[in-house]
Amino acid sequence: MATQHVHFQGAHGDRLAARVDLPVEGEPLGWVLLAHCFTCSKDLAPVRRLAQALNAEGLAVFRFDFTGLGESEGDFADTHFSSNVEDLVAAGRAMAERWQAPDLLVGHSLGGAAVIQAAHALPSVRGVATVGAPSDPSHVLRHFGNARPEIEARGEAEVTLAGRSFRIRQSFIEDVSEARL
């Protein structure tokens with residue numbers, strides 16, 4: 001696949017990093033907007049492999065880092081589930097401006113829940129596929145373990161996820177708890 005490194009403006013003004021993976025031969029049969037899992041990045045091995053598999057089928061893939069993750073600007077602590085959905089919509093608009101609006105949304109884990117939520121705001125979308133997406137986005141709260149009381153008392157706390165530390169705010173907990181797919 002041929003990969004282009006691009007940037008676009010996220011929903012709240014941050015510069016977000018993306019990769020566009022184009023099929024090696026011919027025009028794309030369609031365009032996919034791919035969302036990674038919670039606290040992951042567009043460059044995580046499973047995300048890259050998924051993009052490669054979609055590419056092998058002739059699809060162009062737009063994958064990006066949500067605000068505050070990977071190579072994207074912004075403070076992760078200022079994000080929540082709804083802002084991820086808004087970044088997906090901004091990514092879809094960026095795709096439409098430069099190439100083509102997405103035909104298919106694909107998301108992994110919490111990114112899968114986000115693409116389900118974003119689909120209604122992107123009229124070009126003809127299909128949604130998820131890998132390991134929860135039926136209830138608040139499932140992510142189980143990863144916060146003993147930090148929940150501190151988040152509720154102080155308004156935020158450091159949470160270790162997959163060996164990395166992230167600052168999680170009460171606003172994230174409230175937002176993801178209210179999300180309904």
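These are my notebook entries on a predicted model, taken element by element and then by charged pairs.

**Entry 1, helix α2.** I started with the geometry of helix α2, residues 81-98. At 1.5 Å a residue, its 18 residues should span 26 Å, and I found the end C-alpha atoms 26 Å apart, so the two values agree. Next I asked which residues of α2 are buried. I listed F81, S83, N84, V85, D87, L88, V89, A90, A91, G92, A94 and M95. I then looked up what these buried residues pack against. On the strand side I noted β1 (2-9), β2 (15-22), β3 (30-35) and β4 (59-64). The helices packed against them are α3 (110-118) and α5 (170-178).

**Entry 2, F8.** I picked F8, in strand β1, to follow the packing from the strand side. Its relative accessible area is 8%, and because the cut-off for buried is under 20%, F8 counts as buried. Leaving out residues up to four places away in sequence, I recorded contacts from F8 to D14, R15, L16, A18, F62 and F64, and also to D87, A90, A91 and A94. D87, A90, A91 and A94 are also among the buried residues of α2. I checked one further pair: F8 and M95 are 87 residues apart in sequence, and their C-alpha atoms are 9.2 Å apart in space.

**Entry 3, salt bridges.** How many salt bridges does a search of the whole structure find? I counted 14. I looked at three of them individually.

The side chains of R63 and D21 form a salt bridge at 2.6 Å, N to O. R63 sits in strand β4 and D21 in strand β2, so this pair ties together parts that are 42 residues apart in sequence. I noted that both R63 and D21 are buried.

The side chains of E71 and K42 form a salt bridge at 2.7 Å, N to O. This pair links distant parts of the chain, with E71 in the loop between β4 and α2 and K42 in the loop between β3 and α1 (45-56), 29 residues apart. I read a relative accessible area of 0% for K42, so K42 is buried.

The side chains of E152 and R148 meet at 3.6 Å, N to O, in another salt bridge. Both lie in helix α4, four residues apart, which is about one turn of the helix. Are they buried or partly exposed? E152 is partly exposed at 47% relative accessible area, and R148 is partly exposed at 26%.

I then traced the salt bridges that share partners: they join R19, D21, K42, D43, R63, D65 and E71 into one network.

**Entry 4, S138.** I moved on to the loop between β6 (127-131) and α4 (147-154), where S138 lies. At 18% relative accessibility, S138 counts as buried, since the cut-off is under 20%. Its side chain makes a polar contact of 2.9 Å with the side chain of D136. Setting aside neighbours within four places in sequence, I found S138 in contact with V176 and S177.

**Entry 5, surface patch.** Last, I looked up a nonpolar patch on the surface. I116, V128 and L181 form it, with about 230 Å² of accessible area together. L181 lies in the segment after α5. I recorded a relative accessible area of 43% for L181, so this residue is partly exposed.

Definitions and conventions: Residues are numbered from 1 along each chain as its sequence is written. This is a predicted model: local features need pLDDT of at least 70, side-chain atom pairs count only at pLDDT 80 or more; totals for chains, interfaces and linings use all residues. Side-chain values use heavy atoms; hydrogens and water are left out. The expected span of a helix is 1.5 Å times one less than its number of residues. Buried means under 20% relative accessible area, exposed over 50%, partly exposed in between (1.4 Å probe, protein chains only). Contact means heavy atoms within 4.5 Å. A polar contact is a pair of N or O atoms within 3.5 Å; within protein, one must be able to donate a hydrogen and the other to accept it, and residues adjacent in sequence count only if both atoms are side-chain atoms. Patches are made of residues with over 30% relative accessible area and no salt bridge: like charges are joined within 9 Å, nonpolar side chains (Val, Leu, Ile, Met, Phe, Trp, Tyr) within 5 Å. Accessible areas come from the Shrake-Rupley method with a 1.4 Å probe; for residues, only the protein chains shown count as cover. A salt bridge is a side-chain nitrogen of Lys or Arg within 4 Å of a carboxyl oxygen of Asp or Glu.
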